[in-house]
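Let's take a walk through this structure together, one step at a time. Have the view ready so you can follow along.

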Amino acid sequence: MPTLLFRFVKQAASLAQKRCAASPTAVSKRAGHGYPGWKHLTLHCLRIHMEATYREIVDWASEMDRVRAVLQLARTAFPAPSTLCRSFDRAPMGVWRGLLQATAEKCDPGSHGALDATFFDREAASSHYRHRSDRHIRTLKTTALVDTDSCAILDIHCSAHWPHDTQVGRRVALRNTDRLESLAGDKGYDDQSLRDALRAEGVRPLIRHRLFAHYDHAHNARLDSELYGQRWMAETAFSAIKRRFGAAVGPSVWYREFRELVLTAAVYNLEQALKQ
């Protein structure tokens, strides 16, 4: 029976190939003589899965016979760690978001979602770098749209500026209305324009009202308590990611941190799918 690691590599390689075929991007060298983009994506997924550095994942993968067979690489033909690092910088965010969506589909999501936010530490960034780049924020605000049936992460938004939940929630929710029939959120997402926009797209909003008047109590009383109560699935997904991968991001540069969080969510989805 295939091991969990081998099944992970096979699934990651399959999704990476489909992603690169559907949207060709400059993940590898533009000259055309570099490693195919899907091999880079697979190694990056494996790096997160094994919680390894660039050098470690190249060394380990090159010694695994079945991994080499999936990647179609000889033992001495693996990219250098610096090449792998540059491919992570080169791939645009759209590549990682596409991979996240593909892994979410593997979890067979339902039609009810939940919005929630958490914070990840960026202590890995040196104080010298933060001072030089005029960035003194030590945490990243991360908002996720989570499927309440499978606990898969459908979409994610990262920011170092801590925008208000209503701003981020609107952006994340409205780009995923084609997958949802209802969406739950706490009082932080209380925005009537968001509710109206969701209803216009055929999505039922389950967002509690902040209590300013007596009719706000009435609005909250009419919410579907069973569906709204499934908001805890979003908190569960965040808790699982932090327990599995840690509560801090590794890269020191902000754009790498954002990509790392999206890739981590994709790896989390894939691991969840393999457990089903």
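**A sheet and its helices**

Let's begin with one pair of residues: Leu-183 stands opposite Pro-205 in β5. Keep in mind that this is a predicted model. Strand β4 covers residues 182-185, and 4 bridges join β4 to β5, with the two strands running parallel.

Now step back to see the whole sheet. It is an open sheet of 5 strands in the order β3-β2-β1-β4-β5, and the pairing is mixed. Which strands stand at the edges? They are β3 (153-159) and β5 (204-207); each has a single partner strand, so one side of each is left without a neighbour in the sheet. From one strand to the next, the twist averages 20°.

Helices pack on this sheet too. Helix α9, residues 192-200, touches β4 and β5, and its direction makes about 150° with that of β5. Helix α13 also packs on the sheet, where it touches β1 (112-121), β2 (139-147) and β3. The direction of α13 makes about 160° with that of β3.

Follow α13 (residues 254-275) a little further and you will meet helix α12 (residues 232-245). How are these two helices arranged? Two packed helices are described by the angle between their axes and the distance between the axes. Here the angle is about 100° and the axes are 11 Å apart, so α12 and α13 are roughly perpendicular to each other. On the α12 side, the contact is made by Ala-237, Ala-240, Ile-241, Arg-244 and Phe-245. Their counterparts on α13 are Thr-264, Ala-265, Val-267, Tyr-268 and Glu-271. Sorted by class, this contact has 7 nonpolar, 1 polar and 2 charged residues.

Methods
Residues are numbered from 1 along each chain as its sequence is written. This is a predicted model: local features need pLDDT of at least 70, side-chain atom pairs count only at pLDDT 80 or more; totals for chains, interfaces and linings use all residues. Side-chain values use heavy atoms; hydrogens and water are left out. Axes are lines fitted to C-alpha atoms, for helices over the stretch in contact, and angles run from 0 to 180 degrees between N-to-C directions. Angles under 35 degrees count as roughly parallel, over 145 as roughly antiparallel, 65 to 115 as roughly perpendicular and the rest as oblique. Contact means heavy atoms within 4.5 Å. Ala, Val, Leu, Ile, Met, Phe, Trp, Tyr, Cys and Pro count as nonpolar, Asp, Glu, Lys and Arg as charged, and the others, Gly among them, as polar. Two strands pair if DSSP finds at least two bridges between them.
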